[in-house]
Amino acid sequence: MRITPCQAALAAAIALNLLLLLCSRLLPAAPASCHPRRVPDGVPGVTVILRDFDGPEHDVAATARSFSALPGVPVLVAAEAPPYPPVPLPAGVAVLSLRPEPHRPPPRPELAVRTRHVALVPDGARAAPGLLRRMRDALEAASDGTVKVVAAAVGQRRPRCLTVEVDIKAWTVRYGLADHQSHQQGDPKSFQHGGQQSDQHGDQQSDQHGELCGTLDGAPAVLLLRTRDLFSLPFPLARPVVASLSLQAAARGWRLLLLPAAFPLAPRPPPSPHGQWRARSSLDAQHRALLERFGLKLEVLPDGSRRWHGCAKETPRCFGTVRWQTPEYLLAGRWTPPCCLRALRATARHVLAQLEAAGVRHWLEGGTLLGAVRLGDIIPWDYDVDVGLYRDDVPKCRWLAAVAATGRPVEDPQGFLWEKAAEGEFYRVHFSRSNRLHVDLWPFYARPGAVMTKDTWLGHRQDVEFPEAFLVPLGTVTFAGVAAKAPNDPRGFLELKFGPGAIENPEYPNPGVRRLAQDMGNKTAR
Ligand code: ZN
């Protein structure tokens with residue numbers, strides 16, 4: 001059968017009209033758009049989700065009972081597997097399985113919540129009359145549009161209110177002490193904080209006040225947010241709940257309003273030392289797993305101390321073999337993991353000290369010298385360190401001499417591994433036997449005409465011969481916290497190798513694969 005263009009146009013118009021009619025009937029609030037996957041706003045009310053509990057000493061049944069006794073508050077127990085040993089959950093409390101299984105439809109927890117707001121309640125909390133509603137009112141009344149989460153403590157201890165800054169590119173999260181910023185609709189003087197009990201000031205007035213935080217630390221808390229905000233997150237129900245939600249919130253510029261009121265905490269006998277240790281190590285393991293999932297390898301705590309989650313001496317390095325001068329993390333829009341930069345700095349300092357002590361004439365090379373001149377450090381996306389040395393001086397360093405004589409790798413007393421590179425006539429010092437972050441040592445020698453040359457060329461732009469005059473005498477630059485040997489005219493040396501403007505115009509090693517501008521947004525390069 002043949003269809004004329006006119007018939008086709010008519011059929012299309014009818015189909016479009018039918019589609020529009022269907023959309024406007026399904027979503028009367030938004031007739032202009034028809035997104036079948038959009039989560040509806042829900043009915044008024046708050047659904048309680050119990051997520052943070054650990055067996056076998058958890059309190060999930062009693063916590064569920066307490067909150068499900070509130071009129072019109074649905075309670076869901078969300079877990080990978082039903083609580084075990086089995087607990088008698090009150091009627092109406094549903095278990096929401098989060099573990100995908102081959103014989104079931106995929107878990108869609110967002111479909112189980114029908115209310116407009118949702119509260120994530122920690123194990124052992126007890127309902128306080130009206131407090132969930134007041135949290136919801138505080139959220140909806142917040143004059144600051146960045147407030148997307150309202151929190152209330154559980155128990156007498158008040159959580160610490162911290163700022164959070166997530167730096168995805170640097171795999172880093174920084175916490176700070178929030179400067180007692182108050183948030184209120186009324187009189188700023190009535191702002192309160194401290195470890196008071198909820199019933200001392202759980203009135204409507206004081207709920208208008210609170211602290212604006214990035215995250216909470218040191219005590220459990222109930223978090224309330226709009227259902228659609230929660231399920232707009234890629235990890236809505238990851239544990240530990242407070243850390244997971246606040247890291248995802250920080251990455252979106254959301255903030256959390258901590259109210260003065262608190263929920264009661266169920267009185268429980270103090271746990272045994274072993275039970276305490278178990279709870280702590282379980283929480284610690286969850287926290288580590290969360291940071292691993294989120295690609296965060298360094299936490300800088302409010303007191304400036306650091307918690308590392310990335311590679312170490314006894315682990316493999318964080319990234320695989322580098323191809324096209326472009327490590328895999330660059331393609332993910334990230335720079336060198338901070339643990340790797342730290343290990344590279346440590347290896348570089350060690351190698352430079354060994355060469356210096358042995359009287360080996362050496363100098364920073366290539367991208368390493370570029371980083372030293374530009375910022376006194378390794379370039380934040382670089383993946384190794386390059387050092388040049390006089391080939392004639394190799395026997396002066398006992399580790400290089402041993403490698404040259406035997407052709408086998410040598411581990412020094414500090415655990416650094418010295419070896420002859422398989423790729424050509426140069427040496428490599430690894431951070432350790434298992435963590436292959438390394439410093440490359442390039443043996444140069446003078447050919448007639450006082451030009452420095454070497455035997456292995458990798459074909460990189462900066463890999464060129466240069467006049468020996470750059471090395472006589474050697475100069476000094478600051479690098480990774482030490483004074484390192486360098487060509488006496490670093491700028492002239494770098495412009496010879498990388499071209500004019502190399503110091504002022506940062507670029508990735510292989511712009512053909514990825515350019516720095518793709519990752520800079522509005523920010524300027526370091
Ligand atoms: Zn690392």
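The site of the zinc ion is tetrahedral, with angles of 95 to 122° among its four donor atoms. The model is a predicted one, and this metal site makes a welcoming place to start. Coordination comes from the SG atoms of Cys311, Cys318, Cys339 and Cys340, at 2.1 to 2.3 Å. Along the sequence, the donor residues follow the spacing C-x6-C-x20-C-C. For four tetrahedral donors, the ideal angle at a metal is 109.5 degrees. Two of the zinc donors can also be described by their accessibility. Cysteine 311 counts as buried because its relative accessibility is 8%, whereas cysteine 318, at 25%, counts as partly exposed.

From the metal site, the description turns to the nonpolar interior. In soluble globular proteins, nonpolar side chains tend to be buried together. In this model, the largest nonpolar core has 64 residues. Leu364, Leu400, Trp418, Leu441 and Phe479 are the residues with the most contacts inside this core. Helix H9, which covers residues 338-358, supplies the largest share of the core, with nine residues. A second core, separate from the largest one, has 35 residues, including Val46, Leu70, Ala138 and Leu259.

Nonpolar side chains also appear on the surface. Trp324, Leu331 and Val513 form a nonpolar patch there, and together they have about 360 Å² of accessible area. One of these residues, valine 513, sits in the loop that runs between helix H12 (490-498) and helix H13 (517-520). With a relative accessibility of 37%, valine 513 counts as partly exposed.

Charged side chains come next. The count of salt bridges in the model comes to 31, and a few of them serve here as examples. Glutamate 110 and arginine 108 meet through their side chains in a salt bridge of 2.9 Å, N to O. In this pair, glutamate 110 is buried, because its relative accessible area is 19% and the cut-off for burial is under 20%. Arginine 108, by contrast, is partly exposed at 42%. Another salt bridge joins the side chains of aspartate 463 and lysine 454, at 2.6 Å, N to O. Aspartate 463 is buried, with a relative accessible area of 18%, and lysine 454 is buried as well, at 5%.

A further pair brings the description back to helix H12. Arginine 491 forms a salt bridge with glutamate 504, and the closest N and O atoms are 2.7 Å apart. Because arginine 491 lies in helix H12 and glutamate 504 in the loop between H12 and H13, the pair ties together parts that are 13 residues apart in sequence. Arginine 491 is partly exposed, with a relative accessible area of 38%, and glutamate 504 counts as partly exposed at 46%. Elsewhere, Asp52, Asp54 and Arg239 are linked in a network of salt bridges.

Arginine 239 also takes part in a feature of the backbone. The peptide bond that leads from arginine 239 to proline 240 is cis, with omega near -10°. Proline 240 belongs to the loop between helix H5 (227-230) and helix H6 (241-250). Valine 472 and proline 473 are likewise joined by a cis peptide bond, for which omega is about -5°. The loop between strand S22 (466-467) and strand S23 (475-479) holds proline 473.

Two residues that are not glycines have positive phi values. Glutamine 325, with a phi of about 55°, is placed in the loop between strand S14 (306-308) and helix H8 (328-331). At 17% relative accessibility, glutamine 325 counts as buried. Alanine 480 has a phi of about 50° and is found in the loop between S23 and strand S24 (482-486). Alanine 480 counts as buried too, with a relative accessibility of 6%.

Finally, two pairs of residues show how positions separated in sequence are placed in space. Glutamate 165 and glycine 253 are 88 residues apart in sequence, while their C-alpha atoms are 9.2 Å apart. Glutamate 165 has its place in strand S6 (residues 160-167) and is partly exposed, with a relative accessible area of 45%. Proline 395 and alanine 358, 37 residues apart in sequence, are 9.4 Å apart from C-alpha to C-alpha. Proline 395 occupies the loop between strand S16 (385-390) and helix H11 (398-406), and is exposed, with a relative accessible area of 58%.

Notes: Residues are numbered from 1 along each chain as its sequence is written. This is a predicted model: local features need pLDDT of at least 70, side-chain atom pairs count only at pLDDT 80 or more; totals for chains, interfaces and linings use all residues. Side-chain values use heavy atoms; hydrogens and water are left out. Donors are N, O and S atoms within 2.8 Å of the metal (3.2 Å for Na, K and Ca); water is not among the atoms, so sites may look incomplete. Four donors count as tetrahedral if all angles lie between 85 and 135 degrees; four count as square planar and six as octahedral if opposite donors are over 155 degrees apart and all others between 65 and 115; anything else is irregular. Buried means under 20% relative accessible area, exposed over 50%, partly exposed in between (1.4 Å probe, protein chains only). A nonpolar core is a set of buried Ala, Val, Leu, Ile, Met, Phe, Trp, Tyr and Cys residues joined through side-chain atoms within 4.5 Å. Helices (H or I, at least four residues) and strands (E, at least two) are DSSP runs, numbered from the N terminus. Patches are made of residues with over 30% relative accessible area and no salt bridge: like charges are joined within 9 Å, nonpolar side chains (Val, Leu, Ile, Met, Phe, Trp, Tyr) within 5 Å. Accessible areas come from the Shrake-Rupley method with a 1.4 Å probe; for residues, only the protein chains shown count as cover. A salt bridge is a side-chain nitrogen of Lys or Arg within 4 Å of a carboxyl oxygen of Asp or Glu.
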